[in-house]
Amino acid sequence: MTDKQLRVSKIENGTVIDHVHGGQALNVLAILGIDGSGGEQVSIGMNVPSDTLATKDVVKVEGRELSQDEVDVLSLIAPDATINIVREYDVVEKHRVDRPETVTGVLSCPNHNCITNADEPVETRFAVLRDGVRCEFCEQIVREDIANHIGGD
Amino acid sequence: MRHDHLLTANQLTREDIELVLDRAAEVDANPASFGQRHAGTLLGLCFFEPSTRTKMSFEAAMKRLGGDVVDMGSVDSSSVKKGESLADTVRVVEGYTDALVLRHPLMGAAKMASEFVDVPLVNAGDGAGHHPTQTLLDLYTIRENAGLDDLTIGIMGDLKYGRTVHSLATALTNFDATQHFVSPESLKLPRSVRYDLHEAGATVREHTDIEEVLPQLDVLYVTRIQRERFPDENEYHRIAGEYQIDAGTLQAASDDLTVMHPLPRVDEIAPEIDGTDYARYFEQAHNGVPVRMALLDLLLEDSA
């Protein structure tokens, strides 16, 4: 795809999250805790034609370099994502997401009888399995629609 | 013992289990030698749900080790009623005691509480989660009566919500045991326990009818099907009735069958079984004291 075809403009400094499965861009922002209140410029391309995926989403965050730990939680919903760190319009680092062993404070437990859903001073913590995640407190396994459980408070 | 706390059965290795059961056998053989082992030690009992056997046997165990207990009392008479968090409660009680026993209605409560305290914490039941000390006394009873290897066990009743079942099934994966699960369709094992059994490579069979499997069993572990699991009273009576054991049922069983139940029972096991050689559920309940003495002894020994 040439620059002319790009629907979202290049960024000067920041992070481009590419090859996100079509329709998951808003979940990517949610899982990273980016809701615009931090003042970052955020551009989103949704359902863009892709060579490797039928359609893909692209997320660009200006002025913020996401850490490897931050982007690894993306593996839960965007396992094929690539992360480009951009400085002065050039890609200086390119990463794939790795599956972390645990994700903390990102997902809420769907089990209403889990202690993390009571009014206790504890962050949610999920072990990442081959095909889902598991609450480290109540041991409930979540395989389907993980993005629906984003929001670990 | 390698662990600071006992929270779930998943954390127990075969070595851990045998360490506790061997120590319990020592207690059984010579209880007097343990009588002053933990003189001056205070155990905190934090029971956020009613309990008879578990609470009394922990109290008896600590006192028979020479120590004593302090009891939070019922939730209604405690600061929990004022809205105190569990995290705060255990941090306060930790300052009064040398170890804590916690029962709570929410799953994962013990795991969370353990992250706020430094003294050993024992899970005495967390909602529909785990009940690992019940499992240790179950395993002790099985070892005494049938042996833990080359074991064929049937676990029957409420497998979905029964925390004693979840912990026992998980712990048995450490041994050469074939597990037959017998329940109504609506009360089959939860996904989390199936996952653990699968990951451990356990030999597992599922049934809806006890008659399919009864003749093969060395041990039949019966649990209570609770009324509140069914929206309809008639449905409850119809289904619960299919998972009750009486003398007629056991005609198809091996003479060496051991029948167990974590108690309390309602009508899952007919009283006519109580006087037979099959019945081991009162012995099982009595084993709660030496097994909990052994566990406390090991945990306190390591935290001293």
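Here are some exercises with worked solutions on a predicted model with chains A and B.

**Exercise 1. Get a feel for chain A: which helices and strands does it have, and in what pattern do they follow each other?**

Start by counting: chain A holds two helices and nine strands. Now read along the sequence, and you get the pattern β-α-β-β-α-β-β-β-β-β-β.

Next, look at the outline. The C-alpha atoms of chain A fill a box of roughly 50 × 30 × 20 Å along the principal axes. For 153 residues, a compact globule would have a radius of gyration near 15 Å, and the 16 Å of chain A agrees with that.

Finally, check the inside. Buried residues make up 32% of the 153 residues of chain A. Take the contacts with a separation of 6 or more: 63% of them join residues 24 or more positions apart.

**Exercise 2. Find the four cysteines that UniProt marks as "binding site" in chain A, and work out how they sit in space.**

Begin with the record. An unreviewed UniProt entry places the feature "binding site" at A:Cys109, A:Cys114, A:Cys135 and A:Cys138. They are spread over 30 residues of sequence, yet they cluster in space, with a largest C-alpha distance of 8.8 Å.

Now take A:Cys109. You'll find A:Cys109 in the loop between strand E6 (102–104) and strand E7 (125–129) of chain A. Is A:Cys109 buried or exposed? A residue needs 20 or more other C-beta atoms within 10 Å to be buried. A:Cys109 has 26 such neighbours, so A:Cys109 counts as buried. Sequence neighbours up to four places away aside, the residues A:Cys109 touches include A:Cys114, A:Cys135 and A:Cys138.

Move on to A:Cys114, which is also in the loop between E6 and E7 of chain A. A:Cys114 has 24 C-beta neighbours inside 10 Å and therefore counts as buried. Which residues of chain B does A:Cys114 contact? Those are B:Leu106, B:Met107 and B:Gly108.

Last, zoom out to the domain annotation. In an unreviewed UniProt entry, "domain: Aspartate carbamoyltransferase regulatory subunit C-terminal" covers residues 103–145 of chain A. That span is 0% helix and 30% strand, and its end C-alpha atoms lie 16 Å apart.

**Exercise 3. Place A:Gln41 in chain A and describe its surroundings.**

First, the element: A:Gln41 lies in strand E2 (residues 41–49) of chain A. Then count neighbours: 13 other C-beta atoms lie within 10 Å, so A:Gln41 is partly exposed. Beyond the residues up to four places away in sequence, A:Gln41 touches A:Glu62 and A:Gly63. For a sense of distance, A:Asn111 is 70 residues from A:Gln41 along the chain, and their C-alpha atoms are separated by 36 Å.

**Exercise 4. Decide how the buried residues of helix H1 of chain B are arranged.**

Start with the helix itself. H1(B) runs over residues 14–29, which is 16 residues, and reaches 22 Å from first C-alpha to last, close to the 22 Å expected. Its buried residues are B:Ile17, B:Val20, B:Leu21, B:Arg23, B:Ala24 and B:Val27. Down the axis of H1(B) these fall within an arc of 160 degrees, so they line one face of the helix. On the other side, B:Glu15 and B:Ala29 are exposed.

What covers the buried face of H1(B)? The cover includes helix H5 (132–145), helix H6 (163–172) and helix H10 (288–303) of chain B.

**Exercise 5. Work out how enclosed strand E1 of chain B is, and how it pairs with E2(B).**

Five of the six residues of E1(B) (residues 42–47) are buried, so this strand is largely enclosed by the rest of the structure. E1(B) pairs with strand E2 (residues 68–71) of chain B in the parallel sense, over four bridges. Within that pairing, B:Leu45 has B:Asp71 as its bridge partner.

**Exercise 6. Track down some backbone oddities in both chains.**

Keep the usual case in mind: most residues other than glycine have a negative phi, and most peptide bonds are trans.

- A:Tyr89 has a positive phi, near 70 degrees. A:Tyr89 sits in the loop between strand E4 (82–87) and strand E5 (90–96) of chain A, and is exposed, with 9 other C-beta atoms within 10 Å.
- B:Asp150 also has a positive phi, near 55 degrees. B:Asp150 is in the loop between H5 and strand E5 (151–156) of chain B, and its 11 C-beta neighbours inside 10 Å make it exposed.
- The peptide bond from B:Leu263 to B:Pro264 is cis, with omega near 5 degrees. B:Pro264 lies in the loop between strand E9 (258–260) and helix H9 (281–286) of chain B.

Conventions: Residues numbered from 1 in each chain as written. Chains lettered and ligands numbered in written order. Predicted model: local features only at pLDDT ≥ 70, side-chain atom pairs only at ≥ 80, totals over all residues. Expected span 1.5 Å × (residues − 1). Buried ≥ 20, exposed ≤ 12 C-beta atoms within 10 Å, placed from the backbone. Arc of directions from axis to C-beta. Contact = placed C-beta atoms within 7 Å. Rg over C-alpha atoms; globule rule 2.2 N^0.38 Å. UniProt positions renumbered as here; feature names shortened; annotations may be inferred. Pairing = 2+ DSSP bridges.
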